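User: I'd like a close look at one part of this model, the loop between two of the later helices and whatever packs around it. Can you walk me through that, then place it in the wider fold?

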Amino acid sequence: MKAKKRTGGERLVRAIGAPLGATQNPFASSLPFHHSPLAHRRRFYHSLFTSHCRLFSTRQSLFASRCRSKEGWVVSKVAIVTGSARGIGKAIATRLARDGYAVVIADILADLAEQTADELRQQGFSALAVPTDVRDEGQVQRMVEEAVKAFGGVDVLVNNAGVIWRASVTETPTDAFDFVLAVNLRAAFLATKHVAPIMRGRGGGVIVNIASIHAFATQAGMAAYAASKTGLVGLTRACALDLGQWNIRVVAVCPGAVDAPMLRNQRMDEAEVAETIRLWSSASPLNTILQPEDVANCVAWVVSDQARMLTGVAILLDAGVATDLRIR
Ligand SMILES: NC(=O)c1ccc[n+]([C@@H]2O[C@H](COP(=O)([O-])OP(=O)(O)OC[C@H]3O[C@@H](n4cnc5c(N)ncnc54)[C@H](O)[C@@H]3O)[C@@H](O)[C@H]2O)c1
């Protein structure tokens, strides 16, 4: 059966989950259609209410792209965050939503992406889940198109989706190496390529690549991951040079260990997770590891006008771990 074409207003209600969505319409009636004066009055109020809903949701979306954050320095716009169904990406999307951005939750985990977008909408934010495998150019293109369709453009792209493969270079299957590079590096190239013309049309934008401390110093057993994140820093510099003419800034944020799924999901039991956290904390002059919100705060600053002179650089956000040569 051919799907019913949605009006712009309906698409917005669906996209941003306006609190006054039609399904919650208190005037909706289960009674059959008839011509009583009461029914006329009810239909009148219903249509008044529905048009108000549409106007409200359109306004909410426009408002979302114009208001200012509590901090007073982020002009609110539209952001795509890849890999934002959970972990660091979710923290970044949540922070940007709080700063007034309409956010696109793009993740390969479709159900979790919808759940995250739903959580944000329930808090009154504008959020749209777009199931995306960032390795697939067609899906990346669709992700950008959906953002434009729902919110009118893209001002910020955060390339956060990432995977890790722990094995020494001789034990890393070639397919695994290709897989890690496809998600961590090639996907950032694809998203940048397709989003930059949209940003250009808006007069500029900011692209943030979530790299890693492993782009600066690494550990044994990290061949694929370190190569991908070092490549991402190189891509950041090259894109900053190519896109600066269109007022597009490109910055890499390189976290040290973060208490987020990637650290916990590496086939480690609880004791190993605790030991990993202890080791990374003890390597930090601050004796701690990062929380996802620490990365989100850094990204929020990078995309703000406060950082308008920042491009082509990699910010090492590692609680000081890489400062120590450990040679006494
Ligand atoms: N956790 C850390 O200690 C740490 C440290 C430095 C950098 N990072 C980087 O931060 C980012 C987020 O990591 P995290 O710790 O939140 O882990 P995570 O595993 O929760 O984050 C990865 C997200 O990317 C999504 N993803 C994976 N493959 C995808 C694909 N092909 N298409 C679309 N989405 C895909 C996952 O579903 C997940 O939601 C990664 O790029 C990671 O390399 C993490």
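Analyst: Here's the loop first, then its surroundings, then a few other parts of the chain.

Keep in mind that this is a predicted model. The loop in question sits between α9 (270–282) and α10 (292–303), and N287 is found in it. Let's start with that residue, since its backbone stands out: phi of N287 is near 55 degrees, a positive value in a residue that isn't glycine. For background, most residues other than glycine have a negative phi. As for its surroundings, N287 counts as exposed because it has 10 C-beta neighbours inside 10 Å, and the cut-off for exposed is 12 or fewer.

Q291 lies in that loop between α9 and α10 too. Its C-beta has 14 neighbours inside 10 Å, so Q291 counts as partly exposed. Setting aside neighbours within four places in sequence, Q291 is in contact with V258 and D259. The pairing with D259 bridges a fair stretch of chain: Q291 and D259 are 32 residues apart in sequence, yet 5.4 Å apart in space, C-alpha to C-alpha.

What does A319 touch, leaving aside its neighbours within four places in sequence? The list is G256, S284, L286, T288, I289 and L290. A319 itself comes from the segment after β7 (314–317). With L286, the C-alpha to C-alpha distance is 6.3 Å, across 33 residues of sequence. A319 counts as buried because there are 22 C-beta neighbours inside 10 Å, where the cut-off is 20 or more. So the burial labels differ here: A319 is buried with its 22 neighbours, whereas N287 is exposed with its 10.

Another asparagine is worth a look for its backbone. N247 has phi near 60 degrees, again a positive value outside glycine. N247 is found in the loop between α7 (223–243) and β6 (248–255). With 15 other C-beta atoms within 10 Å, N247 is partly exposed.

Now for the wider fold. The protein chain has ten helices and seven strands. Of its 328 residues, 41% are buried. Contacts with a separation of 6 or more are 72% made up of residues 24 or more positions apart, and the Q291 and D259 pair, 32 residues apart, is one case of a long separation.

For helix packing, take α5 (residues 137–151) and α6 (residues 174–202): their axes come within 9 Å and cross at roughly 30 degrees. The two helices are therefore roughly parallel to each other, and the crossing is right-handed. On the α5 side, E137, V140, Q141, V144 and V148 meet L190, A191, H194, V195 and I198 of α6. Those contact residues divide into seven nonpolar, two polar and one charged. As a general point, residues three or four places apart in an α-helix point the same way, because there are 3.6 residues a turn.

Finally, helix α3 (residues 87–98) is mostly covered, with eleven of its twelve residues buried. Among the buried ones are K90 and R95, along with I88, I92 and L96. From first C-alpha to last, α3 reaches 17 Å, close to the 16 Å expected at 1.5 Å a residue. After α3 comes G100, with a positive phi near 100 degrees.

Note on methods. Residues numbered from 1 in each chain as written. Predicted model: local features only at pLDDT ≥ 70, side-chain atom pairs only at ≥ 80, totals over all residues. Axes fitted to C-alpha atoms, helices over the stretch in contact; angles between N-to-C directions. Helix = DSSP H or I, 4+ residues; strand = E, 2+ residues; numbered from the N terminus. Parallel < 35°, antiparallel > 145°, perpendicular 65-115°, else oblique. Left-handed = near helix turned anticlockwise from the far one by under 90°. Contact = placed C-beta atoms within 7 Å. Nonpolar A, V, L, I, M, F, W, Y, C, P; charged D, E, K, R; others polar. Expected span 1.5 Å × (residues − 1).
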